[in-house]
Amino acid sequence: MTWTELVMAAAPIQGDQPAVSDVRTGEVLSYAAFARRVGRAAGGLRAHGLRYGDRVLVDLPLGAALPVAVHAVAWAGGIAVLAPSGPARMLITQHEVPPAAEVEHVFTLRPAPGATPFAELLAGGTVEFGPLAGPALSLDGERLLDNDELATDLRRLATRLVIGKDDIVINAVSEPFRGLRVIDLAMTAGAHVVVPHEPTLIGCRVLAAERRATVVVAPYDLARRLLGDPVLRVVDERAVVSSLGL
């Protein structure tokens with residue numbers, strides 16, 4: 001089972017249950033919607049010329065759109081590069097095109113001159129089967145992480161940081177890749193991830209009480225200050241990437 005297959009595996013069971021709630025935008029992404037959007041966006045990327053091994057810059061904040069975009073690129077056979085610039089075939093961003101991006105096609109979540117709305121990628125056919133192996137992700141365009149490496153690490157994480165389908169996880173990490181790994185990990189278990197608007201001490205405590213959260217993943221300083229709640233398990237964000245040497 002590949003990296004993206006692992007993350008989508010709970011979709012048939014969880015269906016319309018929430019996978020990711022983005023407090024900043026108000027969007028709630030269900031498991032079924034995630035799997036559907038990833039397949040269709042992958043089909044749209046291929047229809048726009050994406051080939052196996054092509055690089056796609058993904059310049060998005062942590063939220064409901066990030067895992068859809070990254071996994072759509074990987075499911076289409078491309079390499080998602082979590083950077084705003086550099087040589088690549090395509091770029092997926094919010095609405096402003098970084099001047100240093102050297103790309104042929106730009107897809108934006110919000111309307112932007114000269115760009116194609118990301119929503120148009122969802123209008124065509126779907127990709128039923130993604131690649132079995134090969135590079136899928138890069139943080140900087142240099143080091144490539146392949147499907148096998150990402151899937152194996154995700155399985156290892158699941159045995160160390162046990163998360164269950166009834167958990168509600170506050171994803172208060174400091175940068176998109178760590179946040180993506182938290183979402184991946186939680187979704188393999190069928191859990192619900194909540195991405196806060198402002199990952200502050202007060203914000204996380206209020207959100208934990210409102211959402212009845214059971215787990216929070218945060219940077220060390222914030223995680224240390226959140227300790228002490230008897231119903232909230234606190235995880236240092238470094239734990240979700242340490243096995244990848246990051």
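## A walk through the structure, starting at Ala 72

Ala 72 has a relative accessibility of 0%, so this residue counts as buried, the cut-off for that word being under 20%. The model in front of you is a predicted one, and Ala 72 is a handy place to begin exploring it.

To find Ala 72, look for helix α4, which covers residues 65–75. Leaving aside residues up to four places away in sequence, Ala 72 touches Val 38, Ala 41, Ala 42 and Leu 45. You can also look across to Val 127: this residue is 55 residues away from Ala 72 along the chain, and their C-alpha atoms are separated by 9.2 Å.

Now step back and take in the whole chain. You will find 8 helices and 15 strands in it. Its C-alpha trace spans about 50 × 35 × 35 Å along the principal axes. How does the radius of gyration fit with a compact globule? For 246 residues, such a globule would have a value near 18 Å, and the chain has 17 Å, so the two agree.

Burial and contacts add to that picture. Of the 246 residues, 52% count as buried, and Ala 72 is one residue that counts as buried. Among contacts in the chain with a separation of 6 or more, 67% are made by residues 24 or more positions apart. As for the outside, the chain exposes about 10,800 Å², and 54% of this area comes from carbon and sulfur atoms.

Next, let us turn to the pockets. The largest pocket has a volume of about 310 Å³. Its lining is made of 18 residues, and those nearest the centre are Glu 27, Arg 37, Ala 65, Leu 109 and Phe 118. Which element gives the most to this lining? The answer is α4, with 3 residues, and this is the helix in which Ala 72 is found. Sorted by class, the lining of the largest pocket holds 10 nonpolar, 3 polar and 5 charged residues.

The second largest pocket has a volume of about 160 Å³. It is lined by 13 residues, with Leu 62, Val 173, Val 195, Pro 196 and Pro 199 closest to its centre. By class, its lining divides into 7 nonpolar, 3 polar and 3 charged residues.

There is enclosed space to visit too. A search of the whole structure for cavities of 30 Å³ or more finds 1, and about 40 Å³ of space lies in the largest cavity. Around this space you will see Leu 161, Ile 163, Leu 185, Val 215, Val 217, Arg 233, Val 235 and Val 240. The strands β14 (215–218) and β15 (233–236) each supply at least two residues of this lining. What classes of residue line the largest cavity? There are 7 nonpolar residues, no polar ones and 1 charged.

Strand β14 also leads to our last stop, Arg 212, which is found in the loop between α7 (201–211) and β14. Is Arg 212 buried or exposed? With a relative accessibility of 70%, Arg 212 counts as exposed, because exposed means over 50%. The backbone here deserves a look as well: Arg 212 has a positive phi of about 55°, although it is not a glycine. Most residues other than glycine have a negative phi.

Notes: Residues are numbered from 1 along each chain as its sequence is written. This is a predicted model: local features need pLDDT of at least 70, side-chain atom pairs count only at pLDDT 80 or more; totals for chains, interfaces and linings use all residues. Side-chain values use heavy atoms; hydrogens and water are left out. Helices (H or I, at least four residues) and strands (E, at least two) are DSSP runs, numbered from the N terminus. Buried means under 20% relative accessible area, exposed over 50%, partly exposed in between (1.4 Å probe, protein chains only). Contact means heavy atoms within 4.5 Å. On a 1 Å grid over the protein atoms alone, a cavity is a set of points where a 1.4 Å probe fits but cannot get out, and a pocket is an open set with protein on both sides within 12 Å along at least five of seven lines; lining residues have an atom within 4 Å of a point. Grid points are joined across faces, edges and corners, and a volume is the space filled by probe spheres set on the points. Ala, Val, Leu, Ile, Met, Phe, Trp, Tyr, Cys and Pro count as nonpolar, Asp, Glu, Lys and Arg as charged, and the others, Gly among them, as polar. The radius of gyration is taken over C-alpha atoms; the globule rule is 2.2 Å times the number of residues to the power 0.38. Accessible areas come from the Shrake-Rupley method with a 1.4 Å probe; for residues, only the protein chains shown count as cover.
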